[in-house]
Each structure stands twice: as structure tokens, then as C-alpha cells.
Amino acid sequence: MDYFDLQVNGYGGIDFNTDGLSADDLGRACGKLQADAVAGVLATVITEKVDLMVARLARLVELREQDPLARKIIAGIHIEGPFISAKNGYRGAHPLDAVMDASRETAKLLLDACGGLLKVMTLAPERDAGGAVTKLLTDAGVTVSAGHTDATLDELKRACDAGLKMFTHVGNACPMTGMHRHDNIIQRALFLRDRLWLCFIADGVHVPPVALGNYLRLAGDRALIVTDAIAPAGLGPGRYKLGRWDLLIGEDMVARAPDGSHFVGAAITMKQSHANLRDKLGLSDARCRQLLVDNPRRAIQV
Ligand SMILES: [Zn+2]
């Protein structure tokens, strides 16, 4: 299957969120993605100090331009942050000292650094007062996605009115325990399924199979699967150093902080996600194709 993955932070040992990305690195990551049946990805750059994000984005765009395989595989860029919740549990592994309120100036800097390749921006609607940044990005053709957020239903609805179209890795980037059992961000995201594409991680751990099965049934035609892969994806279990993080990749291919306290990403491939959907949830080939190939493209209109 010619998979299309909207959230790839790195692959085959190569981290896209690094200051020293080389042409060789990018070529190797794209070669490995292609070998693993991935037709296209959005290279994902996450929260850091804005000047570092801008430099990383510009480098990624420049290296992609020089490499025909990278131009083929990297269909665009997904920026996750820095306009996300500072609250523990919602912030996930994003650095507290770099998250911020949305501003048009910063959004323009990030947008410009992508040279027309920005396809998805994940932000927390409660940090985008009045929806100004959501509107600016939507007008520029970017799919704005809610994520790492504890927005109220009203805030989410207002964001939809400003152009919000997607929700990033539903069921994650929220506290593992201690949320209200009914009034919580997962319920709000599912409630808005007629207005939003809902993205899920299908490693069987970020969202356990029973919950994933329920969510996918409810989300219906608006669901899609991402890997949220980080550099060790396509390699194997072990200890890795990645940017500011030390990681432990378990046999389940989930990346955790070394003390096991929280997830910091997934290390599965689209192929492994496909196997989980087929074998653990019993989904048909047609449904798998919709989730792994067609809907990701439809959500960003490529
Ligand atoms: Zn995330």
C-alpha cells in the first residue's frame, strides 16, 4: 500500500528536529521510508525556540530542493507547536520554555521558512485568541489542526469557524490519569467529528486497541492514521538520544522517557500500523486504505 503519513518527526535513525541535518541524512531517511512502502510524508518539526525552528525548517526545505527522492517523499511540512498548551499532560514532551501564545508575527516567520511547503500546523485553539493565526494559516492554504490542547467546546467551535480542520493524535497529548471522565478533550474532539479530520496513532499503546476501535467507528469517514514516528522508527528497540531527550524504545516500539513516565512519540512504521488495524481490529483492506492512504491526502488536499 502506498502509505501517506502526516506526522513524521524522523525515520531510520535520522531526526528531522536537529540543527545539523545533512543531505545524506535526509536521503537515507527518505530511502528507508520508500523501502517501507511510504509514498509521502509531512516532515514534522516540533516546538523549540522560534529561531531554531526557523533554521531547521529552512534547512529542511533547502536539502529537499536538492534531492529528487526527498522532493518525492517529503510532500510537505507539519509544524507541531510552539502555540500549544503549557499544562503538564497536554504539553506532552514539548519543552515548557518554548511554548507560547499564538502570534501572527511568529506564524508568518514559520510559514515563510517553509517556502510554500507548510501543509499542517498543530496548535492549541485556546492560545490563539480570536482565531487570528488559525485564519491567517487557513488563508495561506495550511490545514490547521488542534492538538496539545485543553480547549473548551466553545473554543474549538470558534476555531472551526476560523478555519480549524483537523485534530492531532486524538487520545494523546492529554493527561494519562486525572481528567474528568466525561468533560474532557477526547470527548470534545470526537463530538466535532463532522467538522474535523481526526488523527490517531495505531501502535496499540498510545491508544489501546479497544479504545482505538471505538474511536475509529465513531469518527467514521473523518478518521486517519499517523505514526508520529521519531528517528528510531524503522530500526528496533533500544536506548536513543534525540535532541533534548533520552529515550527508551520498548519491544512495543513506543518511545518513553527513560523513567517510563510518559510517551515521547512512536517508533512504528505505517506497515506496522496497517498490521495492527488488520490483525487487532479486523479492519478490511478498503478501510485500511482509507485510513492510511486516502484520508491523509484528502485532509491536506494533495
Ligand atoms: Zn504531539
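**Figure 1. Glutamate 80 at the zinc site.** In this predicted model, glutamate 80 is buried, with a relative accessible area of just 3%. Glu80 coordinates the zinc ion through OE, and His148 and His169 each do so through NE2, at 2.1 Å. Read along the chain, the donors of the zinc ion follow the spacing E-x67-H-x20-H. Glutamate 80 sits in strand 5 (residues 74-80), while histidine 148 comes from the loop between strand 7 (143-146) and helix 6 (153-162), so this pair, 68 residues apart, ties together distant parts of the chain. Histidine 148 is buried too, at a relative accessible area of 6%.

**Figure 2. The largest pocket, with His148 in its lining.** Here we're looking into about 920 Å³ of space. The lining takes in 47 residues, and those nearest the pocket centre are Gly92, Ala93, His148, Phe263 and Val264. Helix 8 and strand 14 (263-266) are the elements that give two or more residues to this lining. Strand 14 gives the most, with three residues. Sort the lining by class and you get 20 nonpolar, 19 polar and eight charged residues.

**Figure 3. The second largest pocket.** This one holds about 160 Å³ of space. Pro125, Glu126, Asp128, Ala129, Gly130 and Gly131 are among the residues lining it. The rest of the lining comes from Glu155, Arg158, Ala159 and Ala162. Its class tally is four nonpolar, two polar and four charged residues.

**Figure 4. The largest cavity.** Rolling a probe the size of a water molecule over the atoms shows where empty space is left. The structure turns out to hold two cavities of 30 Å³ or more, and the largest has a volume of about 50 Å³. Of the 13 residues in its lining, Phe167, Gly171, Asn172, Ala173 and Ile185 are the closest to the centre. There are no charged residues in this lining, just six nonpolar and seven polar ones.

**Figure 5. The second largest cavity.** Its volume is about 40 Å³. The lining is made up of Ala202, Gly204, Pro209, Leu212, Asn276, Leu277, Lys280 and Leu281. Helix 8 (209-219) and helix 9 (270-279) are the elements that give two or more residues to it. By class, we have five nonpolar residues, two polar and one charged.

**Figure 6. A few salt bridges up close.** Side chains of opposite charge can pair when their charged atoms come close. The structure holds twelve salt bridges, and three of them get a look here. Arginine 28 pairs with aspartate 25, their closest N and O atoms being 3.8 Å apart. These two are three residues apart in helix 1 (residues 23-35), so about one helical turn separates them. In the next pair, aspartate 252 and arginine 256, the closest N and O atoms are 3.0 Å apart. Aspartate 252 counts as partly exposed at 30% relative accessibility, and so does arginine 256, at 21%.

The last pair is aspartate 279 with arginine 278, where the closest N and O atoms are 3.1 Å apart. Aspartate 279 is exposed, with a relative accessible area of 55%, whereas arginine 278 is partly exposed at 39%. Elsewhere, salt bridges that share partners join Lys87, Asp150, Asp183 and Arg188 into one network.

Terms used:
Residues are numbered from 1 along each chain as its sequence is written. This is a predicted model: local features need pLDDT of at least 70, side-chain atom pairs count only at pLDDT 80 or more; totals for chains, interfaces and linings use all residues. Side-chain values use heavy atoms; hydrogens and water are left out. On a 1 Å grid over the protein atoms alone, a cavity is a set of points where a 1.4 Å probe fits but cannot get out, and a pocket is an open set with protein on both sides within 12 Å along at least five of seven lines; lining residues have an atom within 4 Å of a point. Grid points are joined across faces, edges and corners, and a volume is the space filled by probe spheres set on the points. Ala, Val, Leu, Ile, Met, Phe, Trp, Tyr, Cys and Pro count as nonpolar, Asp, Glu, Lys and Arg as charged, and the others, Gly among them, as polar. Helices (H or I, at least four residues) and strands (E, at least two) are DSSP runs, numbered from the N terminus. Donors are N, O and S atoms within 2.8 Å of the metal (3.2 Å for Na, K and Ca); water is not among the atoms, so sites may look incomplete. Buried means under 20% relative accessible area, exposed over 50%, partly exposed in between (1.4 Å probe, protein chains only). A salt bridge is a side-chain nitrogen of Lys or Arg within 4 Å of a carboxyl oxygen of Asp or Glu.
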